[in-house]
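Visitor: Got a minute to walk me through this model? I'd like to start with the charged pairs and then move on to the inside.

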Amino acid sequence: MIGNVERRCIDLGHYIVENNSTVRQAAAVFGVSKSTVHNDVTKRLSVINPLLCSEVKEVLERNKAERHIRGGNATKEKYIRLKSLD
């Protein structure tokens, strides 16, 4: 079981870096919870593969910095769709 957890951490890390994905997107693809993804790529991955962990951290920090923009765009699109239905 331990080997599977380590493999999952590495796979999650590679997926996030290659696809610039969010924790939610990675969780959906791998079928695990957001908490599991977060713990795997921040705590466990730092012990298993520190270099990959630093790359993942950069992607997650960029996503965190941009999330207010994505949220605003989603709200804008929602109201544009609602207005077009009228």
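Guide: What follows is a short chat about salt bridges, the core and the largest pocket. Before we start: this is a predicted model, where local features need pLDDT of at least 70, side-chain atom pairs count only at pLDDT 80 or more, and totals for chains, interfaces and linings use all residues. Residues are numbered from 1 along each chain as its sequence is written, and side-chain values use heavy atoms, with hydrogens and water left out.

Visitor: Okay, how many salt bridges are there?

Guide: The count is four, where a salt bridge is a side-chain nitrogen of Lys or Arg within 4 Å of a carboxyl oxygen of Asp or Glu. One of them joins Asp40 and Arg8, at 2.6 Å from N to O.

Visitor: Where do Asp40 and Arg8 sit in the chain?

Guide: Asp40 is in helix 3 and Arg8 in helix 1, 32 residues apart, so the pair links distant parts of the chain. Helices here are DSSP runs (H or I, at least four residues), numbered from the N terminus.

Visitor: Is Asp40 buried or exposed?

Guide: Asp40 is buried, because its relative accessibility is 0%. The scale is relative accessible area with a 1.4 Å probe, protein chains only: buried is under 20%, exposed is over 50%, and partly exposed is in between. Arg8 comes out as partly exposed at 23%.

Visitor: What else does Asp40 form a salt bridge with?

Guide: Arg44, with the closest N and O atoms 2.4 Å apart. Those two are four residues apart in helix 3, so about one helical turn separates them. Arg8, Asp40 and Arg44 end up linked in a network of salt bridges.

Visitor: Tell me about Arg44, then. What is it in contact with?

Guide: Leaving aside neighbours within four places in sequence, Arg44 is in contact with Val5, Arg8, Cys9 and Asn39; contact means heavy atoms within 4.5 Å. Arg44 is partly exposed, at 38% relative accessibility. Arg44 and Ile10 are 34 residues apart in sequence, with 9.4 Å from C-alpha to C-alpha.

Visitor: And in helix 4, how far apart are Arg70 and Glu66?

Guide: They are four residues apart, so about one helical turn lies between them. Their side chains meet in a salt bridge at 3.8 Å, N to O. Both are partly exposed: Arg70 at 37% and Glu66 at 33%.

Visitor: Switching to the inside: which residues have the most contacts in the largest nonpolar core?

Guide: Ile16, Val37, Val41, Leu45, Val56 and Leu60, in a core of 16 residues. Helix 1 (2-19), helix 2, helix 3 and helix 4 each give two or more residues to this core. A nonpolar core is a set of buried Ala, Val, Leu, Ile, Met, Phe, Trp, Tyr and Cys residues joined through side-chain atoms within 4.5 Å.

Visitor: What does Ile16 touch?

Guide: Not counting residues up to four places away in sequence, Ile16 touches Ser21, Ala26, Val37, Val41, Val56, Val59 and Leu60.

Visitor: Last one: which helix gives the largest share of the lining of the largest pocket?

Guide: Helix 4, with nine residues. Helix 2 (23-30), helix 3 (34-48) and helix 4 (50-85) each supply at least two. A pocket is an open set of points on a 1 Å grid over the protein atoms alone, where a 1.4 Å probe fits, with protein on both sides within 12 Å along at least five of seven lines; lining residues have an atom within 4 Å of a point.
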